[in-house]
Amino acid sequence: MKDPRFLRWTLLAIALGFLALFVGLPIVTVFVEAFRKGMAAYWEAVRDPETLSAVALTLLTAAISVPFNLVVGVAVSWLIAKYRFPGKRLLLALIDLPFSVSPVIAGLVFVLLMGARGLLGPFLERHDLHVIFAVPGIVLATTFITFPFVAREVLPIMQELGNDEEEQALTLGASGWQILFRVTLPKVRWGILYGVILCNARAMGEFGAVSVVSGHIRGQTNTIPLQVEILYNEYNLSGAFAVASILTVLALLTLAGKKLIESRVRVRA
Amino acid sequence: MTTVPIDLPARPARGRLTSRGSLPGFGLSLGMTLTFLSLVVLIPLSGLVWKTASLDRTALLHAIVAPRALAAYRLSFGAALVAGTVNVAFGILVAWVLTRYEFPGRSLVDAAVDLPFALPTAVAGIALTTLYVPDGWLGRFLEPHGLKVAFAPAGVAVAMVFVGLPFVVRTVQPVLLDLDLHMEEVAATLGASRLYTLRKVILPAVLPAVLTGFALAFARAVGEYGSVVFIAGNMPGKTEIAPLLIVTKLEQFDYAGATAVALVMLLASFVALFAINLLQARVGRSAQARR
Amino acid sequence: MKRAIVIGLVGLGLAAALLAPRAQTARAGGTVKLLNASYDPTRELYQEVNAAFGKQWQQKTGQSVAISQSHGGSGKQARSVIDGLEADVVTLGLAYDIDAIAEQSGRVSKDWQKRLPDNSSPYTSTIVFVVRKGNPKGIRDWDDLAKPGVGVVAPNPKTSGGARWAYLAAWGYAWQKPGGGDASARDARARDFVRRLYKNIPVLDSGARGSTTTFGQRGIGDVLVSWENAAYLLVGELGKDKFQIVDPTVSILAEPPVAIVDKNVDRHGTRAVAEAYLEFLYTDEGQEIAVKNHYRPRSAAVAAKHAGTFPAIKLFTIDQVFGGWHKAQATHFADGGTFDQIYQPGS
């Protein structure tokens, strides 16, 4: 029972038109504006020392928060998928919390907690530990924001695939770690991979939370998104878009990665 | 898959001998979960609670209902509602088109739906602004007709449509895929018109998913900062979104004001989360019923 | 027990990763590091100053110095320093913001303003207008900004130093107009004027740079109310063929101050360098750099050399019209002050 041809084409046109307008155009804009002043200007913007240090900081932040959230995400998924205990729903809600909180609030809570006048402020000051307005603060805020990402992808798959293989391995005498690394993780590897690339994309692109906790010290505490904002506010539109294009390419690669993984996954959550 | 919140399984896993489960590692995984959940999420959030407790009750209340804050809530929540509705309408359409029709490039379009999720918010923000300013590609057509998008509430809504786009599509797609085509064929052979089938068979089936997607898109849009702050006008009382108000209050040393607005937004997030959880359970149940 | 070890290891890993970068920021091989938390429009100024000072310091002491910059709205930067930004010096847009640092965190000593000449303000500026080339709307003076149909671009006084100077300049203009009557009549007239002016503003950016971008690059508005130095920068960078500067008949003398952050320099051991850095701004070389970046110099000698660079605008000071920054802040920019009042719905 297919829809009549005319209807199909109309609906298709509207749907594709909507997507072209809201998704396609912005992406095209990024690249058009990035190259507006030519290839030379583009490379200059990308190779500018401040941009490079922003890239370095962004990579460092992702390199810390993504593996951490991976480890904790796997632990969380294991806990919820393999056992029965009261309070699961509450736990799930708490873990999902950073996903539904505004990024600005995420930044705010870290300032309230670890700023000089915050709850831990005096303690940090006494031990000469600088968290807010320094790199650790940026990493912490990013870790907070991306906390649920891996769990969100791995848990449904673990649940869907059940525990039969694990229990068989148990009866065969395998230890907990052996079960984890030889049975479970291989089973959910595509979910892990997808969760990691999503977590990474968000960690590198986070703006709101980082904007609040960064000191905006040029060449030191600016991530790529913050550098984009600075360039944008300094009459340097093409430079801003040039730097933005770095992350746009990353986003496109993320999507390509997702497509690749989906074509290998046989189980859909 | 990306955007659906995690939830409990529809049926318990088989083969339980003990009340908790026979697999080792409960203690460790519980310990890790609780420790790092506390360190990374709960203790920082407690900073907010602590600050609230240390504030004067009346000052807090005044800050929550100050006219400027009210205007910010109106804008953030109002625009999110409009954007959510737009995303529902077009989201269902896009999901339908992606699941039911074959066309060249379908795989590409399917991937593109996730772009707002993968793209950094600041990049989206400056791109959207550049499009809609008076001499932007879209702005130059809209402005002469009096349709101000950039620096107007409409721009806020546009940015929110962008960030919420994947949510409805991704929650509705699996449901549409799951829908038994037989039912539609049976309805057709029984003489039902296409529109009738749509109303009585298809829409009720996707409704819980649509509501879930709407709630997700809404929650995301309300708290959104990076994509919106460039295109909004930031005029107090008119085009100032709530997250920006928090930042502005922070920059004025007004911690009480910032905390107050943050509390309201957190409350909204909780309500949205709660609604999503409830709806998710219903989606799960109707999926069960259909199986 | 094993669980605790595993959890502990992961936690330690995170903590170590978080704190490791810190080790790199400490003194590296004899180079002294300074952090200058500045307000929005001074990027170019301090790029030049930092290079020149670095050279001079190297020659004088053989020590190399690396100065990092952080820029943002003046109020925002002050808040950051209060909350722990490890700035060695602050070079902000108005004295009130440095006072706030002193009062709310004690990081700057309360007598900071007396430690350097000219109220710790090595250069001054004022508020002028930038319009599109040809001045299609015929903007001549403040009154034209309050006319209906004129799009004005200015930043948010709550976060931007320049915006506060601009607001006070507008208020002061209306206030001291001849024929104003007694104080309360003048206040009423000023309030009405400022209200009409701010009604003409479509977008309030948080810093001076944002406003300049909005006006210059995004094509919003007919007139930009801006720091004088930023106005020259805008015209220079974006084209003399696109914009021109209009000087109002009257404007305010804006005195952006500088100060060392005592607690931070003592902890970093950088007091000597920081003090020399700020004093450099008063030297002839420093003053010349200021002029080059369109700031009005304090040094009479340097000013004489560049007589004619800056138009002679009648300038009033904040003390003359408003009784100083504390009063101005309390009356106009605090919660419930005149700026909040003019934004009330229905006003």
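Student: How much area do chain C and chain B bury between them?
Tutor: In this predicted model, chain C and chain B bury about 2,400 Å² between them, and 65% of that area lies on carbon and sulfur atoms.

Student: OK, and how many residues of each are in contact?
Tutor: There are 27 residues of chain C in contact with 27 residues of chain B.

Student: How many salt bridges and polar contacts turn up there?
Tutor: The rule finds zero salt bridges across the interface of chain C and chain B, although it does find two residue pairs in polar contact, both partners being at pLDDT 80 or more.

Student: Which helices of chain C supply residues to that side?
Tutor: Helices α1 (2–25), α3 (74–82) and α4 (95–105) of chain C each supply at least two residues of the side that touches chain B, and the residues of that side divide into 13 nonpolar, six polar and eight charged.

Student: Switching to chain A and chain B, what do they bury?
Tutor: Chain A and chain B bury about 9,500 Å² between them, with 76% of it on carbon and sulfur atoms, and the contact takes 102 residues from chain A and 105 residues from chain B.

Student: How many salt bridges are counted between those two?
Tutor: The count is two salt bridges, and one of them joins the side chains of A:Lys258 and B:Asp114, at 2.4 Å from N to O.

Student: Which helix of chain A gives the most to the side touching chain B?
Tutor: That is helix α1 (residues 5–34) of chain A, which gives 19 residues, while the residues of that side of chain A divide into 70 nonpolar, 12 polar and 20 charged.

Definitions and conventions
Residues numbered from 1 in each chain as written. Chains lettered and ligands numbered in written order. Heavy atoms only, no water. Contact = heavy atoms within 4.5 Å. Buried area = accessible area lost by both parts, 1.4 Å probe. Salt bridge = Lys/Arg side-chain N within 4 Å of Asp/Glu carboxyl O. Helix = DSSP H or I, 4+ residues; strand = E, 2+ residues; numbered from the N terminus. Nonpolar A, V, L, I, M, F, W, Y, C, P; charged D, E, K, R; others polar. Polar contact = N/O pair within 3.5 Å; in protein donor to acceptor, adjacent residues only side chain to side chain.
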